[in-house]
Amino acid sequence: MAQQLEALRASAFGLTDEQARLTPTRSALSIGGILKHVTHVFAKDVPEAADPGAPSDPFEQFYASFTMRDDESLDDVLARFDAMVGGVESMFAAGADPDELVPQPPAPWYGITEEATVRRRYQLLHVVEELARHAGHADIIREQIDGATAASLLLAVLDKPGNDFVPRWTPGHDGA
């Protein structure tokens, strides 16, 4: 999970607000929107990650979580993302019982319209699955913006040199 969160955070490295809003693929996803959405999903467990400008209706909140508003900056989105990561890491470090029964919210996109009760292990597996899916989306979108990939961005974020397989990302380099 930590690796996926790190890759998601790195996907925004070096971007301007305008670049974070770009939707360079056929979908409506952007780097800022993906980071905002992932944060939104965990905000119920990490109140300091909540978006103060989000609509009050839960369904409107969900749909709005995929887009940076005009009054939001990438720094705003990243601050909430960082708060979410810290809260989630603390929550999981506390040691959850994998057999604990927990509520799982509806997932209407999968035809699940009612809350269900699931074992914590299912919920944790689903979190890893969704983080990996969104990290992959972010990697593709970022590559479309400027050629950067998660591996090259992580080298830059961690201040490590590139190698024969992965060059370190630098501003203005198109990744080609």
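This note covers the salt bridges of a predicted model and the surroundings of one histidine, H37.

1. Overall count. The predicted model contains 14 salt bridges. Three of these pairs, R9 with D82, R69 with D51 and D99 with R121, are taken up below, followed by a network and by H37.

2. R9 and D82. The closest N and O atoms of this salt bridge lie 2.7 Å apart. R9 belongs to helix α1 (residues 2-10) and D82 to helix α5 (residues 74-93), so the bridge ties together parts separated by 73 residues in sequence. R9 has a relative accessible area of 32%, which makes it partly exposed. D82 is also partly exposed, at 36%.

3. R69 and D51. Here too a salt bridge is formed, and its closest N and O atoms are 2.7 Å apart. Both partners sit in loops: R69 in the one between α4 (58-64) and α5, D51 in the one between α3 (31-43) and α4. The two residues are 18 apart, and the pair links distant parts of the chain. On accessibility, R69 is partly exposed with a relative accessible area of 24%. D51, at 17% relative accessibility, counts as buried, because the cut-off for buried is under 20%.

4. D99 and R121. The closest N and O atoms in this salt bridge are 2.6 Å apart. D99 is found in the loop between α5 and β1 (101-104), while R121 is in helix α6 (residues 120-146); the bridge therefore ties together parts 22 residues apart in sequence. D99 is partly exposed, its relative accessible area being 40%. R121 counts as partly exposed as well, at 44% relative accessibility.

5. Network. Which residues are joined into one network by salt bridges that share partners? They are K36, D51, R69, D71, E72 and R80. The pair from point 3, R69 and D51, is thus among the members of this network.

6. H37. Is H37 buried or exposed? With a relative accessibility of 5%, H37 counts as buried, since the cut-off is under 20%. H37 is placed in helix α3. Setting aside neighbours within four places in sequence, H37 has contacts with F62, S65, F66 and H134. Of these partners, F62 falls within the range of helix α4 (58-64), and H134 within that of helix α6 (residues 120-146).

Key: Residues numbered from 1 in each chain as written. Predicted model: local features only at pLDDT ≥ 70, side-chain atom pairs only at ≥ 80, totals over all residues. Heavy atoms only, no water. Salt bridge = Lys/Arg side-chain N within 4 Å of Asp/Glu carboxyl O. Helix = DSSP H or I, 4+ residues; strand = E, 2+ residues; numbered from the N terminus. Buried < 20%, exposed > 50% of the residue type's maximum accessible area, 1.4 Å probe, protein only. Contact = heavy atoms within 4.5 Å.
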